[in-house]
Amino acid sequence: MRKSWSCSWICPLEVIVQIRKLFCSSKEKMAPSSPPSMNMACARQGRLRQRYEGCYRLVSGCIPYMIKEDGENRSSLQDDHVLERLQVLMISTPKRSDLIFPKGGWEDDESIGEAACREAFEEAGVKGVLSGTPLGEWIFKSKSKQNSCGLEGACKGFMYALQVTELLESWPEQTTHGRRWVPVEEAYGLCRYDWMREALDKLKEQLLFTAGDDLSVSPPLELESSAGLYMVMPPVAEGAVALC
């Protein structure tokens with residue numbers, strides 16, 4: 001008698017459990033899945049690892065560029081119209097109408113080339129091939145110290161050419177830096193500082209020199225990958241150009 005009574009309530013209980021499982025399973029399938037988290041690196045902050053040379057804060061940056069394809073679907077540097085098809089990528093800053101190039105502090109755990117590539121990624125959202133020869137060195141003051149006397153806020157900046165191979169849809173500082181491709185001649189009128197115009201002159205000279213020798217002199221170095229960035233290890237700069 002006890003055995004039949006036990007079976008009489010266990011069977012309905014199993015039915016209820018199975019119904020509950022089916023209900024929960026269908027509910028999970030109907031629920032929208034959450035989007036995958038963005039694997040976005042954060043921009044470096046602070047100056048704990050900042051390099052200095054005497055009173056100068058050391059800065060590394062680059063001019064990102066591309067050669068637009070011409071009517072014959074070519075994008076090489078081996079023709080006489082390279083400068084007509086040359087475009088550079090410039091970035092904006094809040095509350096300013098003029099534009100700048102990616103640059104920032106050179107830190108003690110990276111090479112100067114790595115710093116230039118990192119700044120291009122953080123501020124402009126681009127990756128590419130960094131030239132092995134620097135465009136030059138410039139002395140300037142930081143934005144906040146433009147009107148100060150003496151060497152307060154003085155920086156020594158090293159600039160390179162970066163041939164862009166990848167344009168990212170999202171980048172760490174896109175909320176503060178917009179980006180814009182402009183023809184190189186138009187870029188002169190958009191530059192915030194005179195030393196940036198000199199860097200553009202050096203970029204054109206470097207590209208024309210490379211194109212004139214059929215890319216055999218100072219070609220882009222082989223890419224290396226580190227922390228998701230493309231970078232090269234450039235030689236020490238020669239023939240520094242200084243601006244005050």
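This report covers aromatic pairs and salt bridges in one structure. The model is predicted.

**Aromatic pairs**

The model has three aromatic pairs. Take W138 and W195. Their ring centres lie 6.1 Å apart and their planes meet at 40°, so the pair is tilted. A stacked pair needs planes under 30 degrees apart, and an edge-to-face pair needs over 60. W138 sits in strand 6, residues 136–141, while W195 sits in helix 4, residues 194–212. The two residues are 57 apart in sequence, so this pair ties together separated parts of the chain. W138 and W195 are both buried.

W195 also pairs with F140. Here the centres are 4.7 Å apart, and the planes differ by 5°. This pair is stacked. F140 belongs to strand 6 and W195 to helix 4, with their positions 55 residues apart, and the pair links distant parts of the chain. F140 is buried, like W195.

Put these residues together. W138, F140 and W195 make up one aromatic cluster.

**Salt bridges**

There are 11 salt bridges in the structure. The table lists some of them, with the N to O distance for each.

| Basic residue | Acidic residue | N to O distance |
|---|---|---|
| R49 | D109 | 3.7 Å |
| R96 | D98 | 2.8 Å |
| R180 | E186 | 2.7 Å |

Where in the chain are R49 and D109? R49 is in the loop between helix 1 (2–30) and strand 1 (52–53). D109 is in the loop between strand 4 (103–105) and helix 2 (112–124). They are 60 residues apart, and their salt bridge links distant parts of the chain. R49 has 41% relative accessibility, so it counts as partly exposed. D109 is partly exposed too, with a relative accessible area of 40%.

Next come R96 and D98. Is D98 buried or exposed? Its relative accessibility is 17%, so D98 counts as buried. The cut-off for buried is under 20%. Its partner R96 is at 38%, so R96 counts as partly exposed.

R180 and E186 form another bridge. R180 has 38% relative accessibility and counts as partly exposed. E186 is also partly exposed, with a relative accessible area of 35%.

Some salt bridges share partners. Which residues do they join into one network? They are E110, R118, E119 and E122.

Technical notes
Residues numbered from 1 in each chain as written. Predicted model: local features only at pLDDT ≥ 70, side-chain atom pairs only at ≥ 80, totals over all residues. Heavy atoms only, no water. Phe/Tyr/Trp six-rings, centres within 6.5 Å; stacked < 30°, edge-to-face > 60°. Helix = DSSP H or I, 4+ residues; strand = E, 2+ residues; numbered from the N terminus. Buried < 20%, exposed > 50% of the residue type's maximum accessible area, 1.4 Å probe, protein only. Salt bridge = Lys/Arg side-chain N within 4 Å of Asp/Glu carboxyl O.
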